[in-house]
Amino acid sequence: MSATHVPVGGHFGRFGGRFVPEALVQALDDLEAAFHAAQADPAFAQRLARLQADYGGRPTPLYLAERLTAYGGGARIYCKREDLAHTGSHKLCNVLGQGLLAQRMGKPRLIAETGAGQHGVATATIAALLDLDCVVYMGEEDCRRQRLNVVRMQLMGAEVVPVRTGTRTLKDAISEALRDWVTNVETTHYLIGSVVGPHPFPLIVREFVRVIGTEIRAQVLEHEGRLPDAVIACVGGGSNALGAFHPFVDDEGVRLVGVEAGGGGLHTGRHAATLSGGSEGILHGAHSFVLQDEYGQVQPTHSVSAGLDYPGVGPEHAWLRDTGRAEYLAATDAEALEGFRLLCELEGIIPALEPAHAVVPALRLAGELGPDGVVVLNLSGRGDKDVDEVLEVLELTEGARVPTNPAGEGRPGAEAPTDPAGEGGS
Amino acid sequence: MSAAPTAGAGTAARVREAIRVANADGRAALVVYLPAGYPDLVTSRACLEAAAEAGADLLEVGFPYSDPLMDGPTIQLANQVALDQGLTPRDDFAMCAQLAGRVGAPALVMTYFNLAWHYPPAPAGAEPGGIDGFAADARAAGLAGAILPDLPVEEAGPWRAVAERHELATVFLAAPTSTDARLAALADASTGFVYATSTLGVTGERQTLSGMAAPLVERLRGVTDKPVCVGIGVTTPAHATEVAGFADGVIVGSAVVEAAGRGGPEAVRDLVASLARGCRRG
């Protein structure tokens with residue numbers, strides 16, 4: 001592994017690459033050139049840093065979650081508070097960078113895909129800020145699940161296009177955005193929302209989100225005087241996780257743990273755990289892992305969280321898994337809902353359902369590491385958008401509640417200081 | 001390079017020869033796209049046969065894929081109808097093998113790269129999977145080549161090698177945004193013909209032909225003497241006539257797919273016959 005982790009010829013090991021219609025190749029070359037020119041331009045870096053701070057609210061805090069730590073009874077658990085960034089998630093880091101890049105390239109129109117709506121909202125935000133036209137593709141099913149975010153995008157002047165093809169979720173929103181880009185490539189920048197897609201997107205997005213991990217590194221050193229034992233984050237396409245992981249890749253003592261959406265459980269086939277349950281393939285322009293059938297047809301996915309409901313994953317994650325540098329596991333819908341509730345009730349933080357997937361695995365990890373350990377959980381977004389969905393799912397499943405401690409399997413030893421499940425309906 | 005195609009020179013040569021014969025006859029070659037399995041496998045074969053009988057010089061058989069990035073609503077919908085029946089690329093190859101026994105026009109498979117890349121090994125285990133197995137089965141099904149619109153020339157090394165080994169014609173897409181250097185590279189990599197996309201955009205019917213097509217073909221003429229066919233948005237016989245004025249072949253997809261959905265093989269026959277008349281020059 002090189003120290004710089006620059007993909008060679010657009011590839012991370014055998015993953016990545018550029019599998020796109022010819023019409024897009026020139027645009028990708030132009031984007032790559034513009035990105036490198038911007039990286040070399042101190043004025044660009046300065047403007048980006050100023051916007052990240054004054055507009056975006058960075059650095060976001062690193063918060064020691066004391067009650068969650070006590071509940072787990074193991075390692076100290078810190079939450080990286082990306083939920084406190086402007087627009088309510090880590091997504092703003094990427095869109096600020098790409099938005100400025102689009103402006104630099106003279107493209108007056110932004111398009112984006114969105115699953116949970118967080119990236120769509122972030123893109124609409126930057127489009128308003130930079131006075132660019134904005135069209136966001138969103139699966140029809142996700143428009144329903146994340147209605148609040150649809151309204152937010154519209155308030156900021158974006159056009160939200162419901163996608164009615166295929167599975168009507170994030171995968172199809174990306175396909176539709178790529179079709180738009182093939183058609184309007186000369187005037188449009190495709191502001192992709194994760195470390196997925198053809199080269200150079202996985203590289204560019206990673207470089208714009210790695211500020212998360214850079215901040216974590218400095219903050220945890222300040223709090224603890226040492227590096228953490230583990231950094232844990234949810235993985236859909238994988239941008240918040242890669243942003244948190246990347247500055248630690250060369251620190252071999254730091255475990256990097258990605259948590260995918262296990263849906264109803266890997267054995268049910270109803271999940272979105274691409275690295276745990278998928279196989280190698282080519283989707284949306286890159287060679288990575290894909291949830292597909294034996295013939296390479298991409299399969300419908302399932303997750304309670306729209307933002308993780310994606311049958312692909314960023315090629316650099318596939319490579320980090322392949323080299324053994326990062327480990328990936330899956331958390332089920334029920335575990336995600338439990339994590340959601342624990343953060344609400346123990347910490348007074350309503351998390352997005354996406355990072356809620358990482359809470360129960362973080363508690364397990366904290367148990368393994370013991371009281372001297374330090375775990376950083378990347379809390380990639382806030383959960384206001386998810387409240388309707390959570391209520392609906394809880395009503396459909398457990399009457400009102402999911403069990404606090406499902407069959408006691410592998411949970412950290414300590415007893416919960418209180419029984420948060422015992423206090424009645426929400 | 002332009003080795004004169006001769007009998008036994010391999011299936012790839014059949015593609016160039018079909019275009020050359022049409023051109024020698026005073027017309028642009030007519031290339032017709034139809035998806036396998038739409039509206040069902042047997043009818044799709046009948047539609048392809050009808051297209052060949054009505055004057056198509058080359059056939060493109062679409063193998064439906066779950067995420068067709070280059071396709072507009074008409075072909076997406078047709079793809080979905082085929083996928084909903086549970087048809088697999090193996091079923092599609094079986095249909096192509098029957099087709100090859102019944103029509104003289106060479107046929108090429110047109111699909112997305114993942115279906116080739118992820119092609120499963122034969123159940124008996126005798127054959128490899130992946131692009132090698134896909135190419136072997138394409139050849140065994142009597143196909144003359146393959147068009148993979150999401151495979152740009154930089155990523156195509158392994159595919160070009162297996163296509164050569166199995167004597168399948170390669171066809172790369174050229175776009176109005178391609179630089180001259182890229183046009184030269186993709187033309188060099190194409191052993192069948194160069195697929196010039198008339199416009200930026202996905203497949204679908206258009207009212208008027210894009211003004212970008214003729215300049216693109218002109219630029220291709222500057223870098224290659226291989227045949228150039230124009231597709232994407234070519235819809236009517238009048239469009240065909242316009243394209244025949246500057247290109248070696250005319251590719252029509254969505255309009256024929258729409259006809260297949262509307263009126264089956266008979267509607268395909270009527271439309272293709274009028275498109276074939278449109279391909280005549282002078």
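The exercises below work through a helix pair and several salt bridges in a predicted model.

**Exercise 1.** Determine how the axes of helices α10 and α11 of chain B are oriented relative to each other, and which residues meet where these helices come together.

*Solution.* Begin with the geometry: the axes of α10 (residues 237-244) and α11 (residues 254-278) of chain B come within 7 Å and cross at roughly 30°. Angles under 35 degrees count as roughly parallel, and α10(B) and α11(B) are therefore roughly parallel to each other. The next step is the sense of the crossing, which for α10(B) and α11(B) is right-handed. Turning to the residues, α10(B) contributes B:Pro237, B:Ala240, B:Thr241 and B:Ala244, and these meet B:Ser274, B:Leu275 and B:Gly278 of α11(B). Sorted by class, this contact of α10(B) with α11(B) has four nonpolar and three polar residues, and no charged ones.

**Exercise 2.** Find where the partners of the salt bridge between A:Arg145 and A:Asp142 lie, and decide whether A:Arg145 is buried or exposed and whether A:Asp142 is buried or exposed.

*Solution.* In this salt bridge the closest N and O atoms of A:Arg145 and A:Asp142 are 2.8 Å apart. Both residues belong to helix α6 (residues 140-145) of chain A, where they are three residues apart, about one turn of the helix. For the last step, buried means under 20% relative accessible area. A:Arg145, with a relative accessible area of 8%, is buried, and A:Asp142, with a value of 0%, is buried too.

**Exercise 3.** Work out which parts of chain B are tied together by the salt bridge of B:Glu167 with B:Arg139, and which by that of B:Arg219 with B:Asp180.

*Solution.* Take first the side chains of B:Glu167 and B:Arg139, which meet in a salt bridge with an N to O distance of 2.8 Å. B:Glu167 lies in the loop between α7 (157-165) and β5 (169-174) of chain B, whereas B:Arg139 lies in helix α6 (residues 130-140) of chain B, so this pair ties together parts that are 28 residues apart in sequence. B:Glu167 is partly exposed, at 32% relative accessible area, and B:Arg139 is also partly exposed, at 32%.

The side chains of B:Arg219 and B:Asp180 likewise meet in a salt bridge, at 3.0 Å from N to O. Because B:Arg219 lies in helix α9 (residues 213-221) of chain B and B:Asp180 in helix α8 (residues 180-189) of chain B, the pair ties together parts that are 39 residues apart in sequence. B:Arg219 is partly exposed, at 29%, as is B:Asp180, at 44%.

How values were computed: Residues are numbered from 1 along each chain as its sequence is written. Chains are lettered from A and ligands numbered from 1 in the order in which they are written. This is a predicted model: local features need pLDDT of at least 70, side-chain atom pairs count only at pLDDT 80 or more; totals for chains, interfaces and linings use all residues. Side-chain values use heavy atoms; hydrogens and water are left out. Axes are lines fitted to C-alpha atoms, for helices over the stretch in contact, and angles run from 0 to 180 degrees between N-to-C directions. Helices (H or I, at least four residues) and strands (E, at least two) are DSSP runs, numbered from the N terminus. Angles under 35 degrees count as roughly parallel, over 145 as roughly antiparallel, 65 to 115 as roughly perpendicular and the rest as oblique. A crossing is left-handed if the near helix is turned anticlockwise from the far one by less than a right angle, and right-handed if clockwise. Contact means heavy atoms within 4.5 Å. Ala, Val, Leu, Ile, Met, Phe, Trp, Tyr, Cys and Pro count as nonpolar, Asp, Glu, Lys and Arg as charged, and the others, Gly among them, as polar. A salt bridge is a side-chain nitrogen of Lys or Arg within 4 Å of a carboxyl oxygen of Asp or Glu. Buried means under 20% relative accessible area, exposed over 50%, partly exposed in between (1.4 Å probe, protein chains only).
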